[in-house]
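User: Please present this structure to a reader who is new to it, through short questions and answers.

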Amino acid sequence: MGMNNYSELLLKAISVIENYDNICITSHVNPDGDSIGSVLALGLVIKKKFNKHITMLVPDKVPNNLTFLPGIDLIETDLIGQKVDLFIALDCGDENRLGVEKSLLESVSVVINIDHHITNTDFGHINIVNPKASSTGEIVYDLINHMNVELDKDIATCIYTAISSDTGSFKYDNTTSKTHMIASKLLDARIDTNIINTNLYQSRSIEKTNLLVASLNTLEFFNNKKIGLAMITKKMLEESNATSEETDFVVNFIRDIDIVEVACILKEIDNNTIKISFRSKKHVDVSQIAKSFNGGGHAKASGCTIYMNIEEGKQLVLEEIVKAFR
Ligand SMILES: [Mn+2]
């Protein structure tokens, strides 16, 4: 997508927003910092700049560490009794990831699809898909920039949270000079980065910490300790009371060991269903490993599901990881 075309699309989206009165903004199931931060940022801007009836919809539980976000009390969990003309989907690669009935998309006048996933299916009437953007938050920043709205502290806090979440606090390869330029504008809006950072990166619950400890007890190293592999069993999940489905922090913790290149976690869903997450640090493309089990993802973060018991799964997956080093 050329720059001119990108700007034109942003302006077109703005004129559509101006033309409709009942707007719903939503994102994907299992919400994260990018999805919720983007929904709130755009919702707050539309509330501030235009006199519209707007529903910010998150049909799932908001993770505890994101409840600090400005405007979080405006989030609604369903659309019962709401009229919608314009539907805006953020950070959502395809319709099936939206937590709403597909029939809703057909009943509205316009669907705007704003996303940064390269695999986006262009399911909207207007599709602003920019895979060069680190996050949907970055695209929402560009959109707001084209509206000539002054960034206030609340809106800036939501966008910074979105960008920081998807870039691993500006560490991942998707972080560009533009990402930092936007962050600088957000800092100029006097956001409190201490509040954002402690909520995003220093707020692991005791329950999750207990799960981490239990899982690390199963940690094994292979290939001269370049591979670190651990398990999360159903029993560990039950005993730790870690209610959240989100267990990425365990595989990230293993990746962060100095000599580990590939980290892998096998999470037992039931006796014959294992969810697997892969992380790499420098040269191994773990999306290829996930692909060999019909999964997918990025070069340095990927996942798949296999249907066998956890011990069999471990041997099979380990063989594939070792192959990836050749
Ligand atoms: Mn995202």
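User: Which residues does the UniProt annotation "domain: DDH" cover?
Analyst: This is a predicted model, in which local features need pLDDT of at least 70, side-chain atom pairs count only at pLDDT 80 or more, and totals for chains, interfaces and linings use all residues. Residues are numbered from 1 along each chain as its sequence is written, and side-chain values use heavy atoms, leaving out hydrogens and water. UniProt positions follow this numbering, feature names are shortened, and annotations may be inferred rather than shown by experiment. According to the unreviewed UniProt entry, "domain: DDH" covers residues 22-163.

User: Which helix gives the most residues to the largest nonpolar core?
Analyst: A nonpolar core is a set of buried (under 20% relative accessible area, 1.4 Å probe, protein chains only) Ala, Val, Leu, Ile, Met, Phe, Trp, Tyr and Cys residues joined through side-chain atoms within 4.5 Å. The largest has 57 residues, of which I88, I112 and L186 touch the most other members. Helices are DSSP runs of H or I, at least four residues, numbered from the N terminus. The greatest contribution, 8 residues, comes from helix α2 (residues 33-49).

User: How are helices α5 and α6 oriented to each other, roughly parallel or roughly antiparallel?
Analyst: Helix α5 (residues 153-166) and helix α6 (residues 177-188) pack with their axes 10 Å apart, at an angle of about 150°. Axes are lines fitted to C-alpha atoms over the stretch in contact, and angles run from 0 to 180 degrees between N-to-C directions. Angles over 145 degrees count as roughly antiparallel, and those under 35 as roughly parallel. Therefore α5 and α6 are roughly antiparallel.

Conventions
Buried < 20%, exposed > 50% of the residue type's maximum accessible area, 1.4 Å probe, protein only. Helix = DSSP H or I, 4+ residues; strand = E, 2+ residues; numbered from the N terminus. Parallel < 35°, antiparallel > 145°, perpendicular 65-115°, else oblique.
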